[in-house]
Amino acid sequence: MFQLYCGLVRNGIWYNYAEVQPISGGVLSIMDGLDKSGAGYMLKVVEGSVKALYTKDGQSYQLEPEDYKDIKGKDGWKICEEASKLFTGEKHHLFEEHFFCPVCSTTNNEKYTHVKESWSELAEKGLIDEHYLNDPSEFRWTTELPVPIEIKPLQNHISGGTYTKLVREVLSIGQMVRLSKDSWAAQTEANMLCATWDAEIVEITGLSERELNILKRNNQENFSKKYIKDQTNIEEMLNSERKLGYEGEFRKVSCKHCGSEVGGHLDFTNFFSFLSPKKSNPSAKTGDRTTRSTTRR
Ligand SMILES: [Zn+2]
């Protein structure tokens, strides 16, 4: 049994431990999925490898098919990490990460440093952090915007006013899957961030649930993009993010070309590489074929 970052509440009981089984249907059942996004893989691996959740004392809850999408996305990463260890038979979940160096890269010659480290080992040694919730009430948290947002009245639908307090909730796997299929969000990084915030915001103090739903329902008029425009508000949204799971803020990685510090984050790009066919075929020669990361932060 291992502890989940968030867990799931059913009938008032907090189940925040899990156990993984070999993926039912094997890796092909996952690669058979039509959804090739990270969130799609995550859902498949979680569905295939976890059948029950547990309380700290071992009381179990058998998961129903409709429960899987409610499991928090952060727990999805944790479950996938454990599933990968079981799947590969290795002690640690290892995959290649790529760190871009802004110092010695030039336009046509981008310099990356490849690293293969276990996040759980780094966390054990205190080189990165790993955050768990202490209580399910922490699923939700409040962000207080420094600059009040002004919402104009709209006929009989919106009463209008100024608002500063947003209640946000940790996203579920189902919400992550929905975001990965959102074509508006896929257009730009800013859109993805705003779509993520819209999904997170569950309450605005002073605004009724009905009003919030009306303001959020039209994807072409994303709420966060429309109202959270002030730079100090954007920074507050980012800074007040709920810290959960692995966090690489203080991770040290040196550029192998020039020695500059290029760490400070985690690269999820190859997280699911344990599902790649070459892993399940030990006779295949593993060359130096690398899928270079194109994500930079
Ligand atoms: Zn460099």
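# Reading a predicted model, feature by feature

Tutor: Let's start with one residue: Glu-235 sits in helix 10, which covers residues 231-239. Keep in mind that this is a predicted model.

Student: Is Glu-235 buried or exposed, and how would I tell?

Tutor: You count neighbours: a residue with 12 or fewer other C-beta atoms within 10 Å is called exposed, and one with 20 or more is called buried. Glu-235 counts as exposed because there are 11 C-beta neighbours inside 10 Å.

Student: And how far apart are Glu-235 and Leu-127, in sequence and in space?

Tutor: Along the chain they are 108 residues apart, and in space 26 Å lie between their C-alpha atoms. Now try another pair. Thr-88 and Leu-275 are 187 residues apart along the chain, yet their C-alpha atoms are separated by 9.2 Å.

Student: Where does Thr-88 sit?

Tutor: In helix 3. Thr-88 has 15 C-beta neighbours inside 10 Å, so it counts as partly exposed.

Student: Which residues does Val-115 touch, if I skip those up to four places away in sequence?

Tutor: Glu-97, Phe-99 and Val-253. Val-115 itself belongs to strand 6, residues 112-116. Take Phe-99 from that list: Val-115 and Phe-99 are 16 residues apart in sequence, and 7.8 Å apart from C-alpha to C-alpha. Val-115 is partly exposed, because 17 C-beta neighbours fall inside 10 Å.

Student: Next, helices. At what angle do helix 2 and helix 5 pack?

Tutor: For a helix pair, look at the angle and at the distance between the axes. Helix 2 (residues 38-49) and helix 5 (residues 173-180) pack at about 150°, and their axes are 8 Å apart. An angle over 145 degrees counts as roughly antiparallel, so helix 2 is roughly antiparallel to helix 5. The crossing of helix 2 past helix 5 is left-handed.

Student: Which residues make that contact?

Tutor: From helix 2 you get Ala-39, Gly-40, Met-42, Leu-43 and Val-46, and from helix 5 Ile-173, Met-176, Val-177 and Ser-180. Sort the residues of this contact by type and you find 7 nonpolar, 2 polar and no charged.

Student: Which residues of helix 5 are buried?

Tutor: Ile-173, Gln-175, Met-176 and Val-177. What covers them includes helix 2, helix 3 and helix 7 (189-200).

Student: How do helix 2 and helix 3 cross?

Tutor: Their axes come within 9 Å and cross at roughly 65°. Helix 2 passes helix 3 in a left-handed crossing. On the helix 2 side, the contact is made by Met-42, Val-45, Val-46 and Ser-49; on the helix 3 side, by Gly-76, Ile-79, Cys-80 and Ala-83. By type, the residues of this contact are 6 nonpolar, 2 polar and no charged.

Student: Let's zoom out. What domains is the protein divided into?

Tutor: Domain 1 runs over 1-89 and domain 2 over 136-239. To place two domains relative to each other, you can look at their centres: here the C-alpha centres lie 28 Å apart. The contact takes 19 residues from domain 1 and 10 residues from domain 2.

Student: Which elements give two or more residues to the side of domain 1 that touches domain 2?

Tutor: Strand 1, helix 2 and helix 3, the last of these at 73-88. Helix 2 supplies the largest share of that side, 5 residues. By type, that side of domain 1 divides into 9 nonpolar, 5 polar and 5 charged residues.

Student: One more thing: what should I look for in the backbone angle phi?

Tutor: Look for the sign. Most residues other than glycine have a negative phi. Now check Asn-11: its phi is near 50°, a positive value in a residue other than glycine.

Student: Where is Asn-11 found?

Tutor: In the loop between strand 1 (2-10) and strand 2 (13-18). Asn-11 is exposed, because 6 other C-beta atoms are within 10 Å.

Student: And what is the phi of Gln-155?

Tutor: Near 35°, a positive value in a residue that isn't glycine. Gln-155 has its place in the loop between strand 8 (140-151) and strand 9 (161-169). With 5 other C-beta atoms within 10 Å, Gln-155 is exposed.

Conventions:
Residues are numbered from 1 along each chain as its sequence is written. This is a predicted model: local features need pLDDT of at least 70, side-chain atom pairs count only at pLDDT 80 or more; totals for chains, interfaces and linings use all residues. Helices (H or I, at least four residues) and strands (E, at least two) are DSSP runs, numbered from the N terminus. Two residues are in contact if their C-beta atoms, placed from the backbone, lie within 7 Å. Axes are lines fitted to C-alpha atoms, for helices over the stretch in contact, and angles run from 0 to 180 degrees between N-to-C directions. Angles under 35 degrees count as roughly parallel, over 145 as roughly antiparallel, 65 to 115 as roughly perpendicular and the rest as oblique. A crossing is left-handed if the near helix is turned anticlockwise from the far one by less than a right angle, and right-handed if clockwise. Ala, Val, Leu, Ile, Met, Phe, Trp, Tyr, Cys and Pro count as nonpolar, Asp, Glu, Lys and Arg as charged, and the others, Gly among them, as polar. Domain bounds come from an automatic or database domain assignment.
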